[in-house]
Amino acid sequence: MAAAAEVAPAGAGSESPAPPVCVLVLGMAGSGKTTLVQRLTAHLHSQNSPPYVINLDPAVHELPFPANIDIRDTVKYKEVMKQYGLGPNGGIVTSLNLFATRFDQVMKFIEKRQNTSQYVLIDTPGQIEVFTWSASGTIITEALASTFPSVVVYVMDTSRSTSPITFMSNMLYACSILYKTKLPFILAMNKTDIIDHSFAVEWMQDFEIFQDALNQETTYVSNLTRSMSLVLDEFYSSLKAKAQIKQQKEQLERLQKDMGSVAMESNLLADSSDTSALGPSDLIMTRGTLDEEDEERESDTDDIDHQVTEESHEEPAFRNFMQETRMKYQNRSSH
Ligand SMILES: Nc1nc2c(ncn2[C@@H]2O[C@H](COP(=O)(O)OP(=O)(O)OP(=O)(O)O)[C@@H](O)[C@H]2O)c(=O)[nH]1
Ligand SMILES: [Mg+2]
């Protein structure tokens with residue numbers, strides 16, 4: 001399992017709750033996005049900070065977590081394929097496009113829940129390109145990022161990235177998503193129970209070590225990869241620079257105390273009249289009423305909660321990153 005979060009209970013230590021952080025989970029097919037969302041959900045429940053969970057994968061068979069909003073309730077992916085005469089990828093793109101046309105309703109549901117959920121977790125389709133390169137992916141990402149502090153968690157299947165060339169293509173994808181979304185970016189090295197991720201960290205930190213690994217490759221692609229690795233060096237250093245921001249945490253926290261409570265007020269008020277006027281949607285369905293939902297969530301996550309307790313020693317890096325994102329967002333919106 002990759003990095004996991006440690007969070008404070010919702011609204012702890014603050015009178016006016018901070019806006020929820022939207023965590024957009026992206027990654028190659030089978031990299032472990034859904035499993036990570038499940039574990040984060042379970043962990044947050046165990047911390048008494050239930051997240052708001054959104055599934056944007058219309059083709060998933062079974063979700064291992066209770067989603068508050070599920071694209072499958074709105075768009076029937078197989079029907080879309082039949083009706084438009086599309087294959088699986090075209091079906092996913094069109095389903096997402098149909099869903100994106102009404103994403104304003106999803107935003108209203110998130111806004112309604114912003115006092116109770118510290119995090120909004122968003123699982124995305126396995127065919128990553130249909131989300132990252134389609135209009136709907138952009139609409140959804142921009143809608144979220146313009147209203148809430150948002151981060152991308154890029155899940156990398158470490159066990160499938162042991163070849164320098166595969167690792168490189170995965171990183172190129174990550175890099176292009178960072179440049180496209182321009183959002184704070186976490187690279188989650190997943191499946192570290194299968195293989196230790198230190199080789200990948202070394203490759204990112206030391207150009208020479210990566211070159212040595214590449215020298216073992218004799219394919220013609222290794223020349224291209226060598227050139228590309230120069231480009232990616234800059235991407236890695238920008239990720240490292242983000243890690244260094246942690247050192248400014250104390251100063252930022254002081255700043256948050258001064259400005260944090262004021263920052264979101266305008267945002268919270270902006271649509272409050274809209275939200276209260278919102279009737280039941282015939283398009284976007286949440287699962288049950290809020291009360292039912294809370295009960296359901298508790299029982300649904302009973303099993304997975306047990307798995308998380310063994311990880312209670314996890315380092316708080318993820319939490320710090322989220323706090324920084326929220327603070328930067330608050331500072332930005334207060335100007
Ligand atoms: N060993 C190991 N297996 C994992 C881990 N995370 C996920 N898996 C397995 O990897 C497979 C794919 O996991 P998913 O969570 O469905 O991956 P995904 O990225 O959501 O897949 P798509 O939505 O199809 O792209 C499943 O068999 C999981 O059990 C992990 O941390 N360790
Ligand atoms: Mg999935």
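## Model and naming

Helices and strands here are DSSP runs, helices of H or I with at least four residues and strands of E with at least two, numbered from the N terminus. On that basis, N48 falls in the loop between α1 and β2. The model is predicted.

## The sheet

Six strands form an open sheet. Their order is β3-β2-β4-β1-β5-β6, and the pairing is parallel. The edges belong to β3 (69-70) and β6. Each of these two has a single partner strand, so one side of each is left without a neighbour in the sheet. In general, strands of a sheet pair through backbone hydrogen bonds, either parallel or antiparallel.

Start with β2 (residues 52-55). Four parallel bridges tie β2 to β4 (residues 119-123). N55 of β2 has D123 as its bridge partner in β4. Towards the other named partner, β3, there are two bridges, again parallel. Here I54 stands opposite I69. Both faces of β2 are covered. Y52 and I54 lie on one side, V53 and N55 on the other, and all of them are buried.

## Strand β5 and its neighbours

How many of the eight residues of β5 are buried? Eight of the eight are, across residues 150-157, so β5 is largely enclosed by the rest of the structure. The cut-off for buried is under 20% relative accessible area. In a regular strand the side chains alternate between the two faces of the sheet. In β5, S150, V152, Y154 and M156 point one way. V151, V153, V155 and D157 point the other way. Both sets are buried.

β5 pairs with β1 (residues 21-27) over six bridges, in the parallel sense. V23 stands opposite V151 of β5. G27 has V155 of β5 as its bridge partner. With β6 (residues 185-190), β5 also runs parallel, and six bridges join the two strands. Y154 stands opposite L187 of β6. The connection is helical: β5, helix α8 (residues 164-181) and β6 make a right-handed β-α-β unit.

## The ligand site

Ligand 1 has 15 residues around it. Which come nearest? They are K33, T34, T35, G126 and D193. By class, the shell holds four nonpolar, seven polar and four charged residues. Helix α1 (residues 33-46) gives the most to this shell, with three residues.

Several polar contacts involve oxygen atoms of ligand 1. An N or O atom in the side chain of T34 lies 2.7 Å from an oxygen atom of the ligand. A polar side-chain atom of K191 is 3.0 Å from a ligand oxygen atom. S31 contributes through its backbone, where a polar atom is 3.2 Å from an oxygen atom of ligand 1. On its own, ligand 1 has 640 Å² of accessible area, and the protein covers 64% of that.

## Two residues with positive phi

K191 returns here for its backbone. Its phi is about 60°, a positive value although K191 is not a glycine. K191 sits in the loop between β6 and α9 (198-205). Is K191 exposed, partly exposed or buried? Its relative accessibility is 22%, so K191 counts as partly exposed. The partly exposed class lies between the 20% limit for buried and the 50% limit for exposed.

N48 is the other case. Its phi is near 55°, also positive in a residue other than glycine. N48 belongs to the loop between α1 and β2. At 62% relative accessibility, N48 counts as exposed.

## Helix α7 and its distant partners

Helix α7 spans residues 135-147 and includes T138. S136 is in α7 too. How accessible is each? S136 has 1% relative accessibility, so S136 counts as buried. T138 has a relative accessible area of 26%, so T138 is partly exposed.

Each can be set beside a residue far off in sequence. S136 and T94 are 42 residues apart along the chain, with 8.8 Å between their C-alpha atoms. T138 and T181 are 43 residues apart along the chain, and their C-alpha atoms are separated by 7.9 Å. T181 falls within the residue range 164-181 of α8, the helix of the β-α-β unit.

Conventions
Residues numbered from 1 in each chain as written. Chains lettered and ligands numbered in written order. Predicted model: local features only at pLDDT ≥ 70, side-chain atom pairs only at ≥ 80, totals over all residues. Heavy atoms only, no water. Buried < 20%, exposed > 50% of the residue type's maximum accessible area, 1.4 Å probe, protein only. Pairing = 2+ DSSP bridges. Right-handed = clockwise from strand over helix to strand, strands pointing away. Near = heavy atom within 4 Å. Polar contact = N/O pair within 3.5 Å; in protein donor to acceptor, adjacent residues only side chain to side chain. Areas by Shrake-Rupley, 256 points an atom, 1.4 Å probe, with all protein chains shown as cover. Nonpolar A, V, L, I, M, F, W, Y, C, P; charged D, E, K, R; others polar.
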